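Got the viewer open? Here is a short walk through one protein, stop by stop, with what to select along the way.

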Amino acid sequence: MGKVWSSNVALPATPREQAGGPLLGKILLRQNAVSNDRLMRALVLQQHQRAKLGQILVAQGWASRAKVLRALADQHDMPTVTLKGRQMSRALLGRKAPTFWLLHTAVPWMKLGDTVVIAIAHPEERATLETALGESFPQVKFVLADEEDIRAAIATHFRRELAHNASSRTPNRMSCRNLLSRTVQRALCGLMILPAAGLTLAPQAVFGVLTLAALLCLCLFMSLKLVGLLSHIQQLKRTENPTLPTNKGQLRRLPNISVLVPLFKEAEISRDLLRRLGRLSYPRTLLEVFLVLEEDDFITKNAVARVDLPHWIKVIEVPRNGGLQTKPRAMNYVLDFCRGDLVGVWDAEDAPEGDQLEKVARAFADAPPRVACFQGVLDYYNPTTNWLSRCFTLEYAGWFRVVLPALSKLGLVLPLGGTTMFIRRSVLLEIGGWDAHNVTEDADLGVRLYRAGYETRMLPSTTYEEANCRPWPWVKQRSRWLKGFMVTYLVHMRRAGQLRKDIGWWKLFGLQAFFIGTVGQFLLAPILWTYWLMWFNIDHPVATGLSERSAQRLVIFMLGCEALSILLAIAAAFACGRKRLAFCAPTLLFYYPLGTIAAYKALYELIFKPFYWDKTQHGLHSDQPSASGPKVTLTSVTVARAGSRPASGE
C-alpha cells in the first residue's frame with residue numbers, strides 16, 4: 001500500500017520505475033478496489049480512448065479516486081500526500097508561472113535541504129517534468145497527490161495572477177480595452193450630434209446623404225441574405241435533405257473535449273442544465289464540463305451546491321479583478337484549467353443534441369489543420385410561446401441554417417454565435433483566447449481566427465436555446481450584440497491596411513457587409529421609413545427634391561428587400577422543420593423595428609458604458625423533450641485501434 005507522507009518524515013529515495021513493474025489493474029484487483037468484470041470492460045474501453053486506466057475507472061464510477069490514487073502509489077512506489085489545509089510556499093511556487101504548474105498538474109509541496117518535493121498527479125510523467133524543472137529546481141523528489149487538490153492549490157495561490165491574465169490575455173492590438181479613449185468617445189458623440197445639426201441647417205442635403213448611407217447599408221446586408229437564399233435553393237435542388245452531410249470516414253480515436261458553461265445568476269436554470277448535460281452520449285472519460293461561476297454570485301453557487309455533480313462536471317469560481325465581470329473574462333480564466341484537445345462553449349439555457357460531441361470529434365478529424373473552429377446550428381425550444389418568439393426563431397433559422405452555410409462555402413469570415421462553437425485549444429491559446437472586454441466576444445474571435453490564417457466551418461448539429469420573448473429584455477440582449485459588433489468593427493478597422501493583408505479583399509468585403517450592414521441598417525432605418533409616406537401619396541417633409549419616379553423606385557426597392565426577408569424566413573421555417581412558422585414570416589416587418597431601438601441603445605452605451613454587460617435572464621421556459629436530439633452510444637462512432645488523430649447568440 002502506498003505510504004502517506006507527513007512533513008516530519010525523512011525523504012525516501014524514489015526507486016527507478018521498472019518496465020515490468022506491477023500493472024495498475026492487478027493492484028486494484030488485489031486491493032479489492034474494482035471487480036474483475038469492470039476491469040475487463042475498462043481495458044476494452046482503453047483500446048478506443050486516449051485515456052489512462054484509472055481515469056476510465058473513475059469516469060465510469062467503477063472505482064473511487066482515492067482507491068485509484070492509492071493503487072498508483074503502490075505501482076510507482078511513491079508516497080501520497082494531502083494538500084488540503086496546507087499553506088504552499090510562495091517562494092517555491094513563484095519560480096514557475098501558474099500555467100506551468102497547471103499544465104503539468106504539479107505543485108511544490110515542501111523543501112528538505114536542497115531538495116524540493118514536488119506533488120504530482122501523473123507519476124508516469126515524472127521524467128518529462130524533472131527535465132522541465134531542471135533550471136529552477138536542480139534537485140527534486142516526487143510525491144503523489146489528488147489532481148483536483150493540486151489544481152485547487154494552484155488556483156488559490158495564483159488567484160491574482162490568473163485573474164489578471166484572464167482580463168488581459170488578448171494582445172493589445174487585437175483588444176478593445178484601450179480602444180475607446182476620451183478622444184474617441186468625443187468623436188463618437190460628435191458623429192451622433194452632427195446629423196441632427198445638419199438636418200437643422202441643411203435638411204435636404206443632409207437627408208439625401210443619410211438616405212444614400214441607409215441604402216448602402218441595406219444593400220450590403222441584403223446581399224448576404226440573397227446569397228444565402230440562392231445557395232440554399234441550389235442545395236435543395238441537389239438533395240432532398242437540406243442539412244449538411246455527415247462524414248462517413250473512420251474516426252481513429254476520440255479526442256478529449258473541454259466544454260465551458262458560464263453561469264451568472266442562473267438559479268432557475270441550474271437543475272435543468274444538469275439534466276440536459278446528462279443526455280450527452282460522449283465518453284465521460286474524454287469529457288470535462290466546467291460550470292464557470294463568479295465568486296460573488298451566491299445565487300448560482302447556492303443552487304449548484306444543492307446538486308450532487310458527477311465527477312466530469314467541475315465547478316470553477318472566477319475571482320474578481322477590478323470592475324470587469326464579463327463572460328469572455330470568465331472563460332479566459334478557465335482556459336488554463338482545460339485539458340481537452342478541443343474547447344467548446346454552451347450557454348446556461350442550452351440543450352445540445354445528445355450526439356453533438358461525436359459529431360464535433362468527427363468534423364475535426366476530417367477537417368484540415370487550418371480549420372480551427374466549428375460553429376453549430378442554434379435553434380429555440382420555445383418557438384410558439386408568443387409572436388416575438390416565433391419571429392426570433394425565424395430570424396435564427398434564417399441566419400444559422402441559410403445564410404451562414406452560404407458564407408462558409410464562399411470562404412467569407414464567419415462570425416461565431418457565442419455558444420455551440422468548438423475550437424482547437426492550441427489555436428485558442430495561440431491567438432490569445434477571448435477578448436475579455438468585448439461584449440460580443442464570439443464575433444471578435446471569429447474575425448481573429450481568420451486574421452491568424454484559420455477557418456471556421458458549420459457543424460451539422462443543433463443546440464436548442466430559450467428564445468427571449470419579452471420586448472424589453474429582447475431589446476437589451478440585442479443592444480449588447482450590436483454594441484459588440486460596433487466595438488469589434490472599430491477594433492479591426494483601426495488598422496484597415498493590415499486587416500486587408502491578413503484576410504484579403506474578398507473576406508474584407510464580406511466583413512464590411514456583415515458589420516456595416518447589420519449595424520447601419522438598424523441605425524438608419526428611420527430615414528427609409530419616412531419614404532413610405534410617398535407610397536400613401538403624402539408629401540415628404542424633407543426630400544421634396546426627389547422626383548416622383550425616383551421615389552417610386554425607392555419604395556419598390558424597399559418592398560423588394562422586404563420580400564427577400566419574407567422569402568428567407570419561409571425557407572428558414574422549412575429548413576428547421578417548423579413549416580407553420582412560415583405564416584409568421586410577413587409579420588417580420590413589425591419585428592425588425594425593435595432592432596432600431598436596440599441599435600440606439602447600443603450606440604449610447606458604446607460611448608458611455610462600452611464594457612457594460614446587460615445580462616439576459618434565462619430559465620423562464622423549459623425545453624421540450626424533442627430538443628434532446630438523438631441519443632447514441634460510443635458504438636455509433638467508428639473507431640480504429642491503430643494510432644491516434646487529434647481532432648452567435650448569447
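Start by selecting residues 371-380, strand β9, together with β10: the two run antiparallel and are joined by three bridges. This is a predicted model, so read every stop as a computed picture. For a concrete pair, pick F374, whose bridge partner in β10 is F422.

Now bring in residues 342-345, which are strand β7. β7 pairs with β10 as well, antiparallel and over four bridges. Here the pair to click on is L342, standing opposite R424 in β10.

Stay on β10 itself, residues 421-424, and show side chains. Which way do they point? M421 and I423 go one way, F422 and R424 go the other, and all of them are buried. That fits the usual pattern: in a regular strand the side chains alternate between the two faces of the sheet.

Next, select 356-366, helix α15. How many of its 11 residues are buried? Nine of them, so the helix counts as mostly covered. Colour the buried ones and you will be looking at Q356, L357, E358, V360, A361, R362, A363, F364 and A365.

Time to jump to another sheet. Three strands make it up, in the order β1-β2-β3, and this open sheet has mixed pairing. At its edges sit β1 (106-112) and β3 (140-144), each pairing on one side only. Neighbouring strands here are turned against each other by 30 degrees on average, ignoring direction.

Zoom in on β1 and β2 (residues 115-120): they run antiparallel, joined by six bridges. K111 is a handy one to label, as it stands opposite V116 in β2. Then add residues 126-133. That is helix α7, lying across β1, β2 and β3 and running at about 140 degrees to β3.

For the last close-up, go to the surface and select L533, W535, F536, I538 and L559. Together they form a nonpolar patch with about 490 Å² of accessible area. Within it, F536 is found in the loop between α22 (532-535) and α23 (548-575). Is F536 buried or exposed? Exposed, because its relative accessibility is 58% and the cut-off for that label is over 50%.

Finally, zoom out to the whole protein. There are 25 helices and 11 strands to scroll through, and buried residues account for 56% of the 650 in the protein. The accessible surface totals about 28400 Å², with 57% of it belonging to carbon and sulfur atoms.

Key
Residues are numbered from 1 along each chain as its sequence is written. This is a predicted model: local features need pLDDT of at least 70, side-chain atom pairs count only at pLDDT 80 or more; totals for chains, interfaces and linings use all residues. Side-chain values use heavy atoms; hydrogens and water are left out. Patches are made of residues with over 30% relative accessible area and no salt bridge: like charges are joined within 9 Å, nonpolar side chains (Val, Leu, Ile, Met, Phe, Trp, Tyr) within 5 Å. Accessible areas come from the Shrake-Rupley method with a 1.4 Å probe; for residues, only the protein chains shown count as cover. A salt bridge is a side-chain nitrogen of Lys or Arg within 4 Å of a carboxyl oxygen of Asp or Glu. Buried means under 20% relative accessible area, exposed over 50%, partly exposed in between (1.4 Å probe, protein chains only). Two strands pair if DSSP finds at least two bridges between them. Axes are lines fitted to C-alpha atoms, for helices over the stretch in contact, and angles run from 0 to 180 degrees between N-to-C directions. Contact means heavy atoms within 4.5 Å.
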